[in-house]
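New notebook page, new structure. I want to get my bearings before I poke at any details.

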Amino acid sequence: AVVEARGGEKQQQRGIEARDGQACLRRRGTMCTRGVWQMERLVLQYCGHGGSSKGLRQFVRSGLADFAAQNPQLECVVIKRNNRHPIAVGEYRNGNNKVYDLRKKTPRDISAVVEELRNSSGRKMTKIKNFQSGKVPSLQGEWRAGLASAMKLTVKDL
């Protein structure tokens, strides 16, 4: 059984209403690019009788309606899948998905995960392998801790 809880009307594929963009710019800690929310859909999947889905079932009953009302730009979808552990899937405008395991989480923890999904951009995380960004090393040399204190000159020294 699929139950959809939506906070607002579905937006166009690339566009978004001005009032939603303004709300995005006013909130702190949110992820929007040029006033456009990056997360389009939140999918919550849970088991109707499993113990690992207990927290998600409580969140769906109590907290999901408030979350959907506060975020009308999102489409919230709840899917009941028996004999499966609960997961949350964030679908983003760039086509990427982020999947979180919600096994044995409390409703408060699930709320934090859902907020984290909403506030992320959907981009893949890449590890920076070296800290030097340029191709050519600096002619002045590499910075070291304590370099500034060793290089202090006074007028008397000159």
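**Cysteines, core and overall layout**

I started with C76, which sits at 1% relative accessibility and so counts as buried, the cut-off being under 20%. Note to self: this is a predicted model.

Next I looked up C47. At 3% relative accessibility, C47 counts as buried too. I then searched the whole structure for disulfides and got 0.

Back to C76, because it turns up again in the largest nonpolar core, which has 19 residues. Which members touch the most others there? I noted L42, L44, L56, F59, C76, L102 and L117. Then I checked which elements give two or more residues to this core: β4 (39-46), α2 (54-62), α3 (64-70), β5 (75-80), β6 (87-92) and α4 (107-119). A general reminder for the margin: in soluble globular proteins, nonpolar side chains tend to be buried together.

I picked L56 for a closer look. Leaving out residues up to four places away in sequence, L56 touches L44, Q45, Y46, P86, L102 and I110.

Then I zoomed out to the chain. I counted 5 helices and 7 strands. Read along the sequence, they run β-α-β-β-β-α-α-β-β-β-α-α.

How much of the chain is buried? My entry says 32% of the 158 residues. For the surface, I wrote down about 11,400 Å² exposed, with carbon and sulfur atoms supplying 51% of that.

Last lookup of the day was contacts. Among those with a separation of 6 or more, 69% join residues 24 or more positions apart.

Notes: Residues are numbered from 1 along each chain as its sequence is written. This is a predicted model: local features need pLDDT of at least 70, side-chain atom pairs count only at pLDDT 80 or more; totals for chains, interfaces and linings use all residues. Side-chain values use heavy atoms; hydrogens and water are left out. A disulfide is a pair of cysteine sulfur atoms within 2.5 Å. Buried means under 20% relative accessible area, exposed over 50%, partly exposed in between (1.4 Å probe, protein chains only). A nonpolar core is a set of buried Ala, Val, Leu, Ile, Met, Phe, Trp, Tyr and Cys residues joined through side-chain atoms within 4.5 Å. Helices (H or I, at least four residues) and strands (E, at least two) are DSSP runs, numbered from the N terminus. Contact means heavy atoms within 4.5 Å. Accessible areas come from the Shrake-Rupley method with a 1.4 Å probe; for residues, only the protein chains shown count as cover.
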